[in-house]
2 protein chains.
Amino acid sequence: MTTIEQSFSACYSFPVCFTRDAFAPSNSTLTDVLRRAGERSCRLLVVLDSGVAQADPALLERIGSHVEAHRDRLELAAAPLIVRGGEACKNNGSEVERIQAMVGQLGMCRHSFILAIGGGAVLDAAGFAAATAHRGIRLIRMPSTTLAQNDAGVGVKNGINAFGRKNFLGCFAPPFAVINDFNFLQTLAPRDLRAGISEAVKVALVRDAAFFESLYAARAKLAAFEAGTMENSIMRCAKLHLEHIATSGDPFESGSSRPLDFGHWVAHKLEDLSSGEIRHGEAVAIGIALDALYSCRTGLLGSEDLHRILTLLQQVGFNLYHRLLDDMDLPRALREFQEHLGGELSIPLLKGIGEQVECHELAVPLYREGIAALAAGTRKSRKRETMDEQEELPDDETRHSGSLLHGEPCPAP
Amino acid sequence: MTTIEQSFSACYSFPVCFTRDAFAPSNSTLTDVLRRAGERSCRLLVVLDSGVAQADPALLERIGSHVEAHRDRLELAAAPLIVRGGEACKNNGSEVERIQAMVGQLGMCRHSFILAIGGGAVLDAAGFAAATAHRGIRLIRMPSTTLAQNDAGVGVKNGINAFGRKNFLGCFAPPFAVINDFNFLQTLAPRDLRAGISEAVKVALVRDAAFFESLYAARAKLAAFEAGTMENSIMRCAKLHLEHIATSGDPFESGSSRPLDFGHWVAHKLEDLSSGEIRHGEAVAIGIALDALYSCRTGLLGSEDLHRILTLLQQVGFNLYHRLLDDMDLPRALREFQEHLGGELSIPLLKGIGEQVECHELAVPLYREGIAALAAGTRKSRKRETMDEQEELPDDETRHSGSLLHGEPCPAP
């Protein structure tokens, strides 16, 4: 009979601030951000990662002092709510429900704030709760890990695991603001410091060759978690992620192509299979290695470049092999990845450092070869370490055995 | 230290189609809509309101025949999922979870479709499931009631009731398409046919005086649910709602002002208190009457206009009083309404027909007077009906007792 064409656009903007010691009484980052809301005083519910609370026992007191020092702008709706840190926060809906229930009990409105402090998993769960209570109350993320500061915490996603699938439930919801406090890095265990570096390597590989060069040159400093190097890499990585969201033309991922998911299809499955024992960043490092190996074996990526990628990842401290790879159902992992993204299969591969290409069909046996190569490489690497007891990072990149590059390049699919 | 300002916009567009007998084999509305996705064949999960399935027992068969006739474009992922119709669908998360679980089990991806057929409550629950599974799979709404066709079904909201609050959980998520099939109206009980008319009155009152005139002139036909009149009012009401979303500058309601929530603060509380016994549209009719009475008593709205508003609502068949109004905690209802919308209290009132004004403070005793006037008006109206046994609609609008307008207008707040 007739059709009305509805069409409109929505504008989103939020600041991503970098600071140190955000809760020092004299630090105005949080209050400056809140001033953007225009209201005189803002009601906040602090949602705090149990891991962060344990690693920094004075944090709660500092939050209290900060709020007291800025009581004309800030009001805590309740004492901070401590939620389980790590993947436990996302493994069912219970933490999300606790947060939603508190929003209701405390009479918080859409103009109130949730200030979520923690790793990526806590930010994801708190973000889902914030996005769905009253159809969305304001969220300020304060990411505490390398990975959350340079990737998960600056994006537009949230989510929890459900029905046995990672991030099955969630939505796209830009935050009100992100505050990256570098002091949190001081409280991290080496594993959590390192894990986020893989996302920096990833975004460099698909978007920015110069950034890759700087990471490669600084690999010894990254391996030692040298503060300035870590902070620079976090800022640049965050900036590249933000630029991608703003300029891709598909901020809420309605298409099938997801260049920033390079290395992620294997990573998601590894995390699943290990029930969270393997951290996201660690799984991504393995995923990058496998997708880079595959890119090389299909003739897309030069072997020199592959060498440098594997060297960087390994010398930063990532283990590029895990026994769960051996039995992994690769076709199923691909299918699940495709399902979550939607549409046709589209796997980002590398046709050079800083240059990404979408691939719509993968030769699974070649991936098997890649896994075998990583397993062999790790064995040789371990043997060599035992023999050499070497202190210095090797200049000649001999740590990777030639077996990683064994075989003729296959034609591109 | 430094701040990155993130900024981007997202464009949304979707068709709202009006048709008859959408599942007739020759009707191409659904397939035309699906063609916009570009894919060759589309996977659909049909989510069907139990009330619709009962009222139209042949519907399932018609759906099957339609899919068969268009099997090159359409594929059912499974047999239609029948969910509880009415507010029961929204009263807890169980129906939402059933839908989400099926999306997972069936391996549906973000490019798959949920086709939700039903009243506003089912569309709200199915919409929430669709918006959160895989962070959003495509939703086609096929609203079955007057209210869903002219209001709830064409908007950008979804949600369920939780923690004792109406629509406490949900998100903003534009649909992929809306198909308004007027044939569904033939299966509706008078209550459901009538309920949606209040939203047409509402949007006319706040946006379009000429539309109000046409509704007023056609009140006898609306009371008789004359098909052409009903259809025209649905189309115009839907169009006004769509225009508001597209042009308000705040499609996802981040501000405090919500002109289309005229009459809704009392309505939401009434629905709550009656546990869904009072339909949304019926509650909105009462809410409109009370807000119009208040607008008049504060000197904003002329008494002639008030008369016409009340006459239209009552002659269309709405009962403008319910005993639950007597004990209603009005300050609490205002507080809850404010919380859900966020920010400062902002209640839309009328300063004329077609002209709305935001009010930030209400005099509760004046509302009490309005409730008493509605109660008295209803008593007199009943008495008169018993005495007169009149068949014709009164021309002189004497059905409303003078008591509705008793008292001096108060100064505007």
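In which strand of chain A does N180(A) lie? In this predicted model, N180(A) belongs to strand β9, residues 177-181 of chain A. N180(A) is buried, because its relative accessible area is 0% and the cut-off for burial is under 20%. Contacts from distant parts of the sequence surround this residue in the list of its neighbours. N180(A) touches V16(A), C17(A), F18(A) and T19(A). It also touches P143(A), Q149(A) and V154(A). Residues up to four places away in sequence are not counted here. G153(A) is 27 residues from N180(A) in sequence. In space, the C-alpha atoms of N180(A) and G153(A) are 8.7 Å apart.

The interface of chain A and chain B was examined next. Chain A contributes 70 residues to the contact, and chain B contributes 69 residues. The area buried between the two chains is about 5,900 Å². Carbon and sulfur atoms give 58% of that area. On the side of chain A, Q6(A), F8(A) and R135(A) supply 16% of the area buried against chain B. No other three residues supply more.

Polar and charged links also cross the interface. Four salt bridges are found between chain A and chain B. In a salt bridge between R36(B) and E5(A), the side chains meet at 2.7 Å, N to O. Residue pairs in polar contact between the chains number 30, with both residues at pLDDT 80 or more. Several elements of chain A give two or more residues to the side that touches chain B. Among them are strands β1 (2-19) and β8 (165-169), and helices α4 (94-105) and α11 (227-247). β1(A) gives the most, with 18 residues. By type, the residues on this side of chain A comprise 33 nonpolar, 23 polar and 14 charged.

β1(A) also pairs with a strand of the partner chain. That partner is β1(B), residues 2-19 of chain B. The two strands run in the antiparallel sense and pair over 17 bridges. Within this pairing, C11(A) stands opposite S9(B).

In chain B, strand β8 spans residues 165-169. Five of its five residues are buried, so β8(B) is largely enclosed by the rest of the structure. β8(B) pairs with strand β7(B), residues 160-162, in the antiparallel sense over two bridges. The bridge partner of I160(B) in β8(B) is L169(B). β7(B) and β8(B) form a hairpin with two residues between the strands. In this hairpin, F163(B) takes a positive phi near 50°.

How values were computed: Residues numbered from 1 in each chain as written. Chains lettered and ligands numbered in written order. Heavy atoms only, no water. Contact = heavy atoms within 4.5 Å. Buried area = accessible area lost by both parts, 1.4 Å probe. Polar contact = N/O pair within 3.5 Å; in protein donor to acceptor, adjacent residues only side chain to side chain. Helix = DSSP H or I, 4+ residues; strand = E, 2+ residues; numbered from the N terminus. Nonpolar A, V, L, I, M, F, W, Y, C, P; charged D, E, K, R; others polar. Pairing = 2+ DSSP bridges. Buried < 20%, exposed > 50% of the residue type's maximum accessible area, 1.4 Å probe, protein only.
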